[in-house]
Amino acid sequence: SGSTIALINSTKEIIKSGQLVHVGAIACVAITDIQPNETGDGFAEGVFLLNKKTGIALKAGGVASVKDNIVVDTGGTPAGVVWDDADASSENVTVKLNVFVPSAGTPQG
């Protein structure tokens, strides 16, 4: 159905269950721990609670970019859209994976 994707752990570290991983441009959340040189599955759609850079506030509907497995305000790779407001003191933010905000001025329809 397209809701999951294979995650190949080509690193020397365990990919932890719940960790955000990119497969190309697709943001995924690991379903289970994946050992080095093993393959597991990741959710490619849904809303997930992800770690957020402290000190930044994020508004629902904004782009959720990720760098080093943390949602950041600048310099990351787009992972989806912020689903709920998160204030600067929050350690986490909810993100809907692989849904992106259209660019301003782009015709819709």
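This short presentation covers one antiparallel sheet and two buried residues in a predicted model.

Good morning, colleagues. I shall begin with the sheet. Four strands make up an open sheet, in the order E1-E4-E3-E2, and their pairing is antiparallel. E1 and E2 occupy the edges; each has a single partner strand, so one side of each has no neighbour in the sheet. On average, neighbouring strands here are turned by 50° against each other, if direction is ignored.

Let me turn to strand E3, residues 26–30. Of its 5 residues, 4 are buried, so the strand is largely enclosed by the rest of the structure. How many bridges join E2 and E3? There are 4 bridges between E2 and E3, in the antiparallel sense. Within this pairing, Val21 has Cys28 in E3 as its bridge partner. The two strands, E2 and E3, form a hairpin with 2 residues between them. Gly24, in the turn, has a positive phi of about 60°.

E3 also pairs with strand E4, residues 39–43, again in the antiparallel sense, over 2 bridges. Here Val29 stands opposite Phe43 in E4, and Ala30 has Gly42 as its bridge partner in E4. As a general remark, side chains in a regular strand alternate between the two faces of the sheet.

I now come to Asn9. Where does Asn9 lie? Its place is the loop between strand E1, residues 4–8, and strand E2, residues 20–23. Is Asn9 buried or exposed? With a relative accessible area of 1%, Asn9 is buried, because that value falls under the 20% cut-off. The side chain of Asn9 nevertheless has polar partners in the backbone. One is the backbone oxygen of Glu13, 2.8 Å from a polar atom of the Asn9 side chain. Another is the backbone oxygen of Ile34, which the Asn9 side chain reaches at 2.8 Å. Setting aside neighbours within four places in sequence, Asn9 is in contact with Ile14, Ile15, Ile34, Gln35, Pro36, Asn37 and Glu38. Ile34 therefore appears both as a polar partner of Asn9 through its backbone oxygen and in the list of contacts of Asn9, a residue that is buried.

My last residue is Ser65, in strand E6, residues 63–67. Its relative accessibility is 13%, so Ser65 counts as buried. Which residues does Ser65 touch, not counting those up to four places away in sequence? They are Ile70, Val71, Val72, Gly76, Thr77, Pro78 and Ala79.

That concludes the presentation. Thank you for your attention.

Terms used
Residues numbered from 1 in each chain as written. Predicted model: local features only at pLDDT ≥ 70, side-chain atom pairs only at ≥ 80, totals over all residues. Heavy atoms only, no water. Buried < 20%, exposed > 50% of the residue type's maximum accessible area, 1.4 Å probe, protein only. Polar contact = N/O pair within 3.5 Å; in protein donor to acceptor, adjacent residues only side chain to side chain. Contact = heavy atoms within 4.5 Å. Pairing = 2+ DSSP bridges. Axes fitted to C-alpha atoms, helices over the stretch in contact; angles between N-to-C directions.
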